[in-house]
Every structure is written in structure tokens, then in C-alpha cells.
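Subject: The structure I promised you

Hi,

Here is the structure we talked about, so open it up and keep it beside you as you read. My notes follow underneath.

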Amino acid sequence: MIDDFYKYNPYELDRSDKNQLLTNELVELTEFHNNRCPEYANFLEAVNYKKNSVNSVEDIPFFPVRLFKEYDLLSVKREDIFKVMTSSGTTGQSVSKIYVDKETAMIQQKVMIRILSDYWGKKRLPMIIVDTPAVLKDRQMFTARGAAILGLQVAAREMVYVLNDDMSLNNEKLDAFFEKYPDQPFIIFGFTFMVWKHFYQELKRNNHKYDMNKAWLMTGGGWKKLEADAVSREKFKNDINEICGIKHFIDHYGMVEQTGCIYAECEYGHLHASIFSDVIIRDFKDFSVCSHGRQGIIQVVSALPHSYPGHSLLTEDEGIVLGEDDCPCGRKGKYVKIIGRMQNAELRGCSDTYADKYRRT
Amino acid sequence: MTNLEKYNQAFIETLEVAKEQLEGLEYQQIANWDSVGHMTLIAAIEDAFDIMMDTDDIIDLSSYEKGKEILSANYDIEF
């Protein structure tokens, strides 16, 4: 039961306690989806899954994430689905379709907020959204970007969208925000490329000075495009700190197939797996588990997906487990580095596909 | 206004429902009570009672009845 997880803080459990809690839940979820999703049952049969041979999280079969692009995969009745989330994709790319019922949506929301509360506290804070309000209106754009903003609403005292529909910075809204919430903690949220291009660079160009030293800048959506422009994560932080005075940066990694279980960055720049999920790095050739420090294909497991069989997925991303239970920030569990999409895998980070569109216009 | 009247009014005004629809009303049951409508409703409830709700409570407030339970249990609001 997911309720068992709520008894703990999101980064409280060490390796053996977490493994026990998560393995039990994942075995149950595997049975649940086996009984309800015929395509998933076929997959389990093909990989010769035996419930009794599962001793740890690594023993749960990993389902290729690409299958969500090719099939409609559901473990609940179609009439119980209340939203279909899609991965971002530029024209011509196929998109994942993730079927979410009310229960799964509520769990996703709750877990994301629990994870973030561990960083900026339980109090709801005012939030600057580096995006246009149209991101929620336009169903075409309503993919991961819109979903992330909606998910954050619960943690916000008020959300202020600071971009106009043409992506220009709305200075009046920024002025009003700082007048209303002077000298107090707040959150800035946006996708990396948009924060850099439409927020930071504009503020720098306009020479507008706002006091942002109590802000938490939360970003997501990928680094490929910025790295192609020679903007490393370090440069991103240093330059933004210099112009805006921001000290707290929380980047995060997540995927629409496992919404809610985000991997958030600590003050040492490490992305942490919470008790609700885990990362296993697999060898490129034989899919065996890589030791810490070795690069491979990322498998993610999550205790959240109930309406679709997404609790153990082999992604198309590469990464490294940097360590476990010993990050200087004090959070237990694994901490990871995401390298990015594998060669030949489609370009698909949310920020990246946006940047791709931006380039072409 | 009694607490119940204040509570009802928050629903009626933000979700554009009639008083008769309130009992048994659940999140996502009607078009106006989607995730955006939810936060408008929360803001109205917070204004009506001059409270600041916790994130967990906002997520748990999944029906008209559940909201009353949460307000009584965690915010000392009696109905």
C-alpha cells in the first residue's frame, strides 16, 4: 500500500529498509498489472517472470518505455481514465500516452509535493512561473510543461506567469510580484531553456534589478540545448547568481511515464531518488546491473503507477549512480547523474523540443 | 453567516453549482472542478475562513464532505 510510504520522510530510509519497502510494493504492483493489463501479462510471460524469485528491486522485470508509444496500456477500465498525459514530441515523433485515473493522479500530486517540501519546506510560497498562461489553455502545448505547472499549484500561495504569449518578459507583472512579496522566500519555476533565454537574458539585457536572494529556482526539462550553446550547469548557476542573486537551485529529472516521482537536486548538485522510486543503471550490452560510477541505461521504478503498467521501466536515457546513502546533504538513498538521451533515441526532453521549435521559427 | 453557509458559498461561487448539487459532489465530477477550479475553490475557502491550508489537506480535499472533515479536524472550524 502506498500509505505505508507516507509514514516516512521522502529521504529517510537507507538501502536495506528502502529495498524492503519498495520491493514489496513493486511485487504487488507487478501482480496488479499482470491481472489487469493483457499486454503487460504477455510481457511477463515472455520474460518468464516468477514472483517468488524476486528478492530485491533489481529483480522486477523492466518494461521498455517505448511500448507506451506503440500501445494503449491500461490497468483500469477506460471509463475510469480522467486524463491522458503525453510526452512532449516535435511533429513526426511518436508520443507516449499515459492513462491516468483519479487515484493515480492524486498519488502523483501528493508525492511530488512531499518530495519538494523536503527542499523548501511545507509552507506554501508565492511562485513566479517562467512561462505564458497560454501553456494551460492551449491543449496542443499541454504536455509535460503544463502538467508540471499544474502539479505545483498546490504548493503555491499564488502563481504569477511572467511571460507574455509571444515569450517576452512581462516586467509589470514582475514589479507587482516583488511589491506584493518583498523580502520573503519564493519559488521561480520554469524549463531550463526558457529560464535562460526568456528570463535571465532579458533581465540582464534590461538591467532590471530584483532581490531574488531568497528565491528557489526550480528547473526541469533537459540541458542538451543549453549545453549545445556552451551553457553548462555551472555557468547557468553562476551567471544567474551574478545577475539575479539566486542561491538556491533545484533542477529535477522526471518523466511523464512516472509523473510525481521526481529526482530533485540537492545543494551539492546531486539528483536524489526518494523512497517512492529508484534508479538502476543497466549495462548497454547485457542489461546487467552496473556498479556505482559506471555509465549505462537508466531503469526507473516507482510505487505510484496504478492505472497503467509503468512501475518499472527501461528508459532511453543514460546515467550513472554516483553513490548511495552517503551524500553530504544527508539525504538517504541513491543519487544519480543523468547523461541524457542515448544516441539514436529520439530527442524528447520537454525543454529541448521547445528549443527545437524555437530554433526553426 | 454560519460556517456552513460560508463553506457552501465558496463551492457555489467558484464551481458555479447549485446548492442542491453540493452533497456528494466530488473532485473531477464536473467540468468546473478540475485542477484549476480546485485551486480557485481552495483560495475561496481560505479567504472565507481566513486560514492557510497545508498542501496535504489541499490534495486530500476530494469531495464536498471530505472538505468539511478536513476543516473541522485541522482548522478548528465547526459545522
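Before anything else, one term: a residue is called buried when its relative accessible area is under 20%, as worked out with a 1.4 Å probe on the protein chains only. Val135(A) comes out at 0% relative accessibility, so it counts as buried. You'll find Val135(A) in helix α6 of chain A, which covers residues 134-137. If you want a landmark, look for Tyr161(A): it is 26 residues away along the chain, and the C-alpha atoms of the two are separated by 9.9 Å. Keep in mind throughout that this is a predicted model.

Asn171(A) is worth a look too. With 16% relative accessibility, this residue is also under the 20% cut-off, so it counts as buried. Asn171(A) belongs to helix α8 of chain A, residues 171-180. Which residues does Asn171(A) touch, leaving aside its neighbours within four places in sequence? They are Asn206(A), His208(A) and Tyr210(A).

Now for the cores. The largest nonpolar core has 107 residues. Those with the most contacts inside it come from both chains: Trp120(A), Leu152(A) and Phe276(A), plus Phe11(B), Ile45(B), Met53(B) and Leu71(B). Helix α5 of chain A (residues 102-120) gives this core its largest share, nine residues. Try clicking on Trp120(A): beyond its neighbours within four places in sequence, it contacts Leu125(A), Leu152(A), Ile187(A), Trp216(A), Met218(A) and Ile250(A). Another core, of 33 residues, lies apart from the largest one, and its members include Ile128(A), Val162(A), Phe191(A) and Leu217(A).

Next, two helix pairs in chain A.

The first pair to look up is α2(A), residues 15-36, and α3(A), residues 38-46; their axes come within 6 Å and cross at roughly 115°. The crossing of α2(A) past α3(A) is left-handed. On the α2(A) side the contact uses Thr30(A), His33(A), Asn34(A) and Arg36(A), while α3(A) brings Pro38(A), Tyr40(A), Ala41(A) and Leu44(A). Sorted by class, that contact has four nonpolar residues, three polar ones and one charged.

The other pair is α9(A), residues 192-206, and α11(A), residues 233-244. These two pack at an angle of about 35°, and their axes are 10 Å apart. Here, too, α9(A) passes α11(A) in a left-handed crossing. From α9(A) you get Thr192(A), Val195(A), Trp196(A), Tyr200(A), Leu203(A) and Lys204(A), which meet Lys235(A), Phe236(A), Asp239(A), Ile240(A), Ile243(A) and Cys244(A) of α11(A). What classes do the residues of this contact fall into? Eight are nonpolar, one is polar and three are charged.

Last, chain B. How many helices and strands does chain B have? There are four helices and zero strands, so to read chain B from the N terminus is to read α-α-α-α. Chain B has a radius of gyration of 11 Å, close to the 12 Å that the globule rule gives for 79 residues, so chain B is as compact as a globular protein of that length. Its C-alpha atoms fill a box of roughly 30 × 25 × 20 Å along the principal axes. Of the 79 residues in chain B, 42% are buried. Among the contacts in chain B between residues at least 6 apart in sequence, 46% join residues at least 24 apart.

Have fun turning it around on the screen!

Cheers

Technical notes:
Residues numbered from 1 in each chain as written. Chains lettered and ligands numbered in written order. Predicted model: local features only at pLDDT ≥ 70, side-chain atom pairs only at ≥ 80, totals over all residues. Heavy atoms only, no water. Core = buried A, V, L, I, M, F, W, Y, C linked by side-chain atoms within 4.5 Å. Buried < 20%, exposed > 50% of the residue type's maximum accessible area, 1.4 Å probe, protein only. Contact = heavy atoms within 4.5 Å. Axes fitted to C-alpha atoms, helices over the stretch in contact; angles between N-to-C directions. Left-handed = near helix turned anticlockwise from the far one by under 90°. Nonpolar A, V, L, I, M, F, W, Y, C, P; charged D, E, K, R; others polar. Rg over C-alpha atoms; globule rule 2.2 N^0.38 Å.
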